Amino acid sequence: MKKFFIRLATGAVFVAVLLSAILYNNISFGVLFAIVTCLAVNEFCNLVHEYKKTTFSTAIAVVGGMYLFLAMFMMDKVKEPLMLFIPYLMLLVYNLIREIYKKEGSTLDNYAYFALSQIYAALPFALLNILTGFGGEEYNYIMPLSIFIFLWCSGSGAYCVGSLIGRRRLFERISPKKSWEGYIGGGIIAIIAGYVISLFYPALGTWQWMGMA
């Protein structure tokens, strides 16, 4: 029970910080998610180093992930947005050459997991920047905020439904307690959230919001 309340309090603080940063302005959004991107890439690298015994540089991966986010953040603020990605491409090439000449670890494994740190951990956060400019607005907080609302509704709904009626295991080898019932229940609750959002924010149609959910 103590662990539950600790997790609840931690989650409440995280949600408060996230909501404040998204709702305040684009600068607070950018600062928070640049930090989150770094933390996500770092966590991914630590996991693959531990379980896959890779030896690529975590620091280069984190810098790359942060730069990718910032480049996407600045795209609508400069005249030549594609030029922003030249340093990022140079970093990717530099890291490839570095891995080729390293004497420890597998070059193929190292670069594959390095690339995955950018695609899997950094790119989704970088793409949130595109949502903030949806509809031509200077800063649209509804679109990125809706993603997290859907995630929270899906996760919470899956946990509640799975705890109550979950019987058929989803991916027992990966997560023993996940169930098909929880998965379906979480999806339904997220779709309901999409419908509710559509009533207040007609930036998208009802079916579009539900499809996004």
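Student: Is K77 buried, partly exposed or exposed?
Tutor: The model is predicted. Buried needs under 20% relative accessible area, and exposed needs over 50%. K77 has a relative accessible area of 40%, so K77 is partly exposed.

Student: Which side chain does K77 meet in a salt bridge?
Tutor: Side chains of opposite charge can pair when their charged atoms come close. For K77, the N to O distance in the bridge is 3.1 Å. The cut-off is 4 Å. The partner, at 56% relative accessibility, counts as exposed. That partner is D76.

Student: How many salt bridges does the structure hold?
Tutor: The D76 and K77 pair is one of them. E99 and K102 also meet in a salt bridge, at 3.5 Å, N to O. For the structure, the count is 4.

Student: Are E99 and K102 buried or exposed?
Tutor: The limit for buried is under 20% relative accessible area. E99 has 1%. K102 has 16%. Because both values lie under that limit, E99 and K102 are buried.

Student: Where in the chain do E181 and R168 sit?
Tutor: Their side chains meet in a salt bridge at 2.7 Å, N to O. The pair links distant parts of the chain, 13 residues apart. E181 lies in helix α7 (residues 180-200), and R168 lies in the loop between α6 (142-165) and β1 (169-171).

Student: Which partner of this pair is exposed?
Tutor: E181 counts as buried, at 13% relative accessibility. R168 has a relative accessible area of 57%, and the exposed class starts over 50%. The exposed partner is therefore R168.

Student: Which residues do shared salt-bridge partners join into one network?
Tutor: E99 and K102 meet in a salt bridge. Salt bridges that share partners bring R98 into the network with them. The members are R98, E99 and K102.

Student: How do β1 and β2 run, parallel or antiparallel?
Tutor: Strand β2 covers residues 175-179, and 2 bridges join β1 to β2. R169 stands opposite S179 in β2. The two strands form a hairpin with 3 residues between them. Their direction is antiparallel.

Student: How many disulfides does a search of the whole structure find?
Tutor: A disulfide is a covalent bond between the sulfur atoms of two cysteines. The cut-off is 2.5 Å between the sulfurs. For C38, the nearest cysteine sulfur, that of C45, is 11 Å away. The search finds 0.

Student: Why is the sulfur of C160 not bonded to that of C153?
Tutor: C160 counts as partly exposed, at 44% relative accessibility. The closest cysteine sulfur to that of C160 is in C153. The two are too far apart for a bond, at 11 Å.

Student: Which element gives the most to the lining of the largest pocket?
Tutor: About 850 Å³ of space lies in the largest pocket. Of the 20 lining residues, the closest to its centre are R7, G11, W152, G155 and S156. Elements giving two or more residues are α1 (2-24), α5 (107-132) and α6. With 8 residues, the top contributor is α6.

Student: How many residues lining the second largest pocket are polar?
Tutor: The volume of the second largest pocket is about 290 Å³. Its lining includes Y159, K177 and Y183. Elements giving two or more residues are α6, β2 and α7. By class, 4 are nonpolar and 2 charged, and the polar count is 5.

Methods:
Residues are numbered from 1 along each chain as its sequence is written. This is a predicted model: local features need pLDDT of at least 70, side-chain atom pairs count only at pLDDT 80 or more; totals for chains, interfaces and linings use all residues. Side-chain values use heavy atoms; hydrogens and water are left out. Buried means under 20% relative accessible area, exposed over 50%, partly exposed in between (1.4 Å probe, protein chains only). Helices (H or I, at least four residues) and strands (E, at least two) are DSSP runs, numbered from the N terminus. Two strands pair if DSSP finds at least two bridges between them. On a 1 Å grid over the protein atoms alone, a cavity is a set of points where a 1.4 Å probe fits but cannot get out, and a pocket is an open set with protein on both sides within 12 Å along at least five of seven lines; lining residues have an atom within 4 Å of a point. Grid points are joined across faces, edges and corners, and a volume is the space filled by probe spheres set on the points. Ala, Val, Leu, Ile, Met, Phe, Trp, Tyr, Cys and Pro count as nonpolar, Asp, Glu, Lys and Arg as charged, and the others, Gly among them, as polar.
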